[in-house]
Amino acid sequence: MEYIIIVMDIFAHALWTYALFRIFNKKKYAISGAIFGVLPDLVAFIPFFFYMLINNIHFQRDASIFPHYTLIAYNITHSFIIFLVSFIVVYLILRKIALPMLGWGLHILIDIPSHTADFFPTPFLWPISNLTISGISWADKYFMIFNYSLIILVYSYISLIKERNFKSKK
């Protein structure tokens with residue numbers, strides 16, 4: 001069951017990122033933005049989850065079971081400071097804003113209030129500070145219901161916009 005909840009959280013990041021690109025009429029970047037929206041969790045957790053599956057280790061919501069490399073990867077991928085530096089470096093190289101990368105920043109912004117101090121709080125100012133905010137757990141069933149209800153409403157809105165645009169073109 002815990003694996004399903006984790007997948008739902010990762011899936012929510014993809015859905016939120018995709019939706020925002022659609023709302024702001026950046027459909028061209030929606031899929032690549034959604035990929036950037038899930039990368040922070042994939043980079044941090046996928047290696048250890050494969051290790052757990054191969055070795056038949058049962059998942060527990062206990063950060064102490066995670067190896068040091070997972071914690072380091074989590075700090076890097078969930079730091080708004082690292083995101084901003086990376087975003088600026090990519091801008092300087094490409095000489096244009098890499099819009100899909102905004103999915104990474106959105107991921108961090110979503111995680112700040114939706115993680116508790118008990119399980120992977122978001123180190124959004126790392127490496128400058130270890131400050132985290134203990135918010136509402138994304139695994140809380142009421143939060144999950146609220147989150148996916150909002151996602152359904154947002155996608156309903158997107159669908160209405162697309163239908164209106166389709167009708168106005170006729």
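Reader: Which label fits leucine 84: buried, partly exposed or exposed?

Author: Leucine 84 has a relative accessible area of 36%. Buried means under 20%, exposed over 50%, and partly exposed in between (1.4 Å probe, protein chains only). Leucine 84 is therefore partly exposed.

Reader: Where do these values come from?

Author: This is a predicted model, where local features need pLDDT of at least 70, side-chain atom pairs count only at pLDDT 80 or more, and totals for chains, interfaces and linings use all residues. Residues are numbered from 1 along each chain as its sequence is written, and side-chain values use heavy atoms, without hydrogens and water.

Reader: How many helices does the chain have?

Author: Helices are DSSP runs (H or I, at least four residues) and strands are too (E, at least two), numbered from the N terminus. The chain's pattern reads α-α-α-α-α-α. There are zero strands, and the helices number six.

Reader: Which helix holds leucine 84?

Author: Look at residues 80-94. Leucine 84 belongs to that stretch, which is helix 4.

Reader: What accessible area does the nonpolar patch with Leu84 have?

Author: Leu84 shares this surface patch with Ile88, Tyr91, Leu92 and Ile97. Patch residues have over 30% relative accessible area and no salt bridge (a side-chain nitrogen of Lys or Arg within 4 Å of a carboxyl oxygen of Asp or Glu). Nonpolar side chains (Val, Leu, Ile, Met, Phe, Trp, Tyr) are joined within 5 Å, like charges within 9 Å. By the Shrake-Rupley method with a 1.4 Å probe, the patch totals about 460 Å².

Reader: Are helix 4 and helix 5 roughly parallel or roughly antiparallel?

Author: Their axes, lines fitted to C-alpha atoms over the stretch in contact, come within 10 Å and cross at roughly 170°. Angles run from 0 to 180 degrees between N-to-C directions; under 35 is roughly parallel, over 145 roughly antiparallel, 65 to 115 roughly perpendicular, and the rest oblique. Helix 4 and helix 5 are therefore roughly antiparallel.

Reader: Asparagine 25 and phenylalanine 120 have positive phi. Which of them is buried?

Author: Asparagine 25, with phi of about 60°, sits in the loop between helix 1 (2-23) and helix 2 (30-54). At 67% relative accessibility, asparagine 25 is exposed. Phi is near 50° in the other residue, which lies in the loop between helix 5 and helix 6. At 6% relative accessibility, the buried residue is phenylalanine 120.

Reader: What is omega at the cis peptide bond?

Author: Tryptophan 126 and proline 127 are joined by this bond. Proline 127 lies in the loop between helix 5 and helix 6 (141-169). Omega is about 10°.
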